[in-house]
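Got the viewer open and a selection box ready? Let's walk through this one stop by stop.

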Amino acid sequence: MNRRQRVIISILIVVTAIVLLVSAFNPGFLERKSKTSDMTIQMILRSNEGDYWQNVAMGAQAAVKEFGITMYVTNSYDQGDIEGQLQAAIQSLKTKPDAIVLAASDDEAFGPFLKAAAELHIPVIAIDSILTSGKTRSYIGMDNYTAGKEALDELAKQLEGRGNIAIVTHDAAGINGKLREKGIRDAASDHPDIRLVDQVMCTGDHDSCSASVSKELHEQKLDGIVAINIDSSIGTAMELKKEQAGERIKLIGFDSSPELLEMMQDNQLQKLIVQNPFSMGYLGIKYAMEAALGHKVPSRVEIERKLIDKKNMFWKDNQKLLFPVVQ
């Protein structure tokens, strides 16, 4: 039995105890609220750092203001801290929220938590990362597998169908990263002259990721790179700029930040696949509220994604996507 399995078993024991205690000492807590002003929703995010998660939180706050509900937010400083996020989720059950909005950093590890939430009749809305290890009322986010395929197809287009490429991933990419990587690999088989020569695993901050990419650039002759999340995209673009290789080696990245948009204007990357985190946060709270009221909510809400480049980044609609504060 590995460490992760031991952690999951320990978590299962804890959440079972919580279910029994909450049910025994609070027999009325399962009563459905009829007014949104009486409602409390717990939002659990992977991080409170970076533009992406701040924009998710902004969208959630907009929904809170509109619907007059109470929201509590917990998050981690480290997106890769699965155990820390799971512990925060378990603690949230003790507060008896009417619904939970969860951006999980792992699928399997959250299975016991989802089971406990279901037993307590607390609806869970999954945002950003789809969960298959338990029941959720809805998933709100991008189709990450299809987005991975789109990234590879776009890179192949940039390379005119021929070249050596690498995938740059990150240990904090989680469920989304795995789905995007699978999409990239599957799409690569449709391009016989595109050769996937390596995968680089980044850890830590942007500088650490940049160092990992530097090693790869000196060991492999690359024509293109797909970076599968915001941290790997920034780290890769930084290294291409340092090596003055941004126009020679084509880069397709994911998500956006001021650093990435600036480097895009400097031709250090060609395209970004971007979704709308503001809408994700807003809809997460909206559908959590609806589920808590006993209303039917859609089982899946796919957030639109766009390919952003230095030409269309200044379009009005894309400005709203890249800078949600103007919504």
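## A loop stop to begin

Select Asn 267 first: its relative accessibility is 23%, so it counts as partly exposed. You'll find Asn 267 in the loop between α9 and β10. Check its backbone while you're there: phi of Asn 267 is near 65°, a positive value in a residue other than glycine. Keep in mind that you're looking at a predicted model.

Now pick Asp 266, which also has its place in the loop between α9 and β10. Asp 266 comes out at 36% relative accessibility, so partly exposed is the label here. Draw a distance from the C-alpha of Asp 266 to the C-alpha of Lys 241: the two are 25 residues apart along the chain, and the separation is 8.7 Å.

Next, go to Gln 244. Which loop holds Gln 244? The one between α8 (230-242) and β9. Here phi is near 55°, a positive value in a residue other than glycine. With 74% relative accessibility, Gln 244 counts as exposed, because the cut-off for that label is over 50%.

## Zoom out

Switch to cartoon and show the whole protein chain, which has eleven helices and twelve strands. Colour by burial and you'll see that buried residues make up 53% of the 327 residues. If you like contact maps, count the contacts with a separation of 6 or more: 75% of them come from residues 24 or more positions apart.

## The mixed sheet

Select the strands in the order β7-β6-β8-β9-β10-β12: they form an open sheet of six strands with mixed pairing. Look at the ends of that row. β7 (194-202) and β12 (306-308) are the edges, and each has a single partner strand, so one side of each lacks a neighbour in the sheet. Going from one strand to the next, the twist averages 20°.

Start at the β7 end. Strand β6 (residues 163-170) pairs with β7 in the parallel sense, over eight bridges. For one of these pairings, label His 170, whose bridge partner in β7 is Cys 202.

Turn on the helices now. Helix α5 (residues 144-158) packs on this sheet and touches β6, β7, β8 (224-227), β9 (250-254), β10 (271-274) and β12. The direction of α5 makes about 160° with that of β9. Helix α6 (residues 174-188) packs on the sheet too, touching β6, β7, β8 and β9, and its direction makes about 165° with that of β7.

Move along to β10 and show side chains. Which residues point which way from β10? Lys 271 and Ile 273 go one way, Leu 272 and Val 274 go the other, and all are buried.

What joins β9 to β10? Three bridges do, and the two strands run parallel. Highlight Gly 253 to see it standing opposite Leu 272 in β10. Then trace the chain from β9 through helix α9 (residues 258-265) to β10: this β-α-β crossover is right-handed.

On to the β12 end. β10 and β12 pair in the antiparallel sense over three bridges. A residue to label here is Val 274, which stands opposite Lys 306 in β12.

## The parallel sheet

Hide that set and select β2-β1-β3-β4-β5-β11. In that order, these strands make an open sheet of six with parallel pairing. The edge strands are β2 (70-74) and β11 (300-302), each pairing on one side only. The twist here averages 15° from one strand to the next.

Go to the β11 end, where three bridges join strand β5 (residues 138-141) to β11, the two running parallel. Put labels on Gly 141 and Glu 302: Gly 141 stands opposite Glu 302 in β11.

Add α3, which packs on this sheet and touches β1 (40-44), β2 and β3 (99-102). Its direction makes about 170° with that of β1.

## Last stop: two helices

Keep α3 (residues 82-94) on screen and add α4 (residues 111-119): the two helices pack at an angle of about 10°, with their axes 10 Å apart. That angle makes α3 roughly parallel to α4. Show sticks for Leu 86, Ala 89, Ile 90, Ser 92 and Leu 93 in α3, and you'll see them meet Phe 113, Ala 116 and Ala 117 in α4. Coloured by type, the residues of this contact split into seven nonpolar, one polar and no charged.

Definitions and conventions: Residues numbered from 1 in each chain as written. Predicted model: local features only at pLDDT ≥ 70, side-chain atom pairs only at ≥ 80, totals over all residues. Heavy atoms only, no water. Axes fitted to C-alpha atoms, helices over the stretch in contact; angles between N-to-C directions. Helix = DSSP H or I, 4+ residues; strand = E, 2+ residues; numbered from the N terminus. Parallel < 35°, antiparallel > 145°, perpendicular 65-115°, else oblique. Contact = heavy atoms within 4.5 Å. Nonpolar A, V, L, I, M, F, W, Y, C, P; charged D, E, K, R; others polar. Pairing = 2+ DSSP bridges. Buried < 20%, exposed > 50% of the residue type's maximum accessible area, 1.4 Å probe, protein only. Right-handed = clockwise from strand over helix to strand, strands pointing away.
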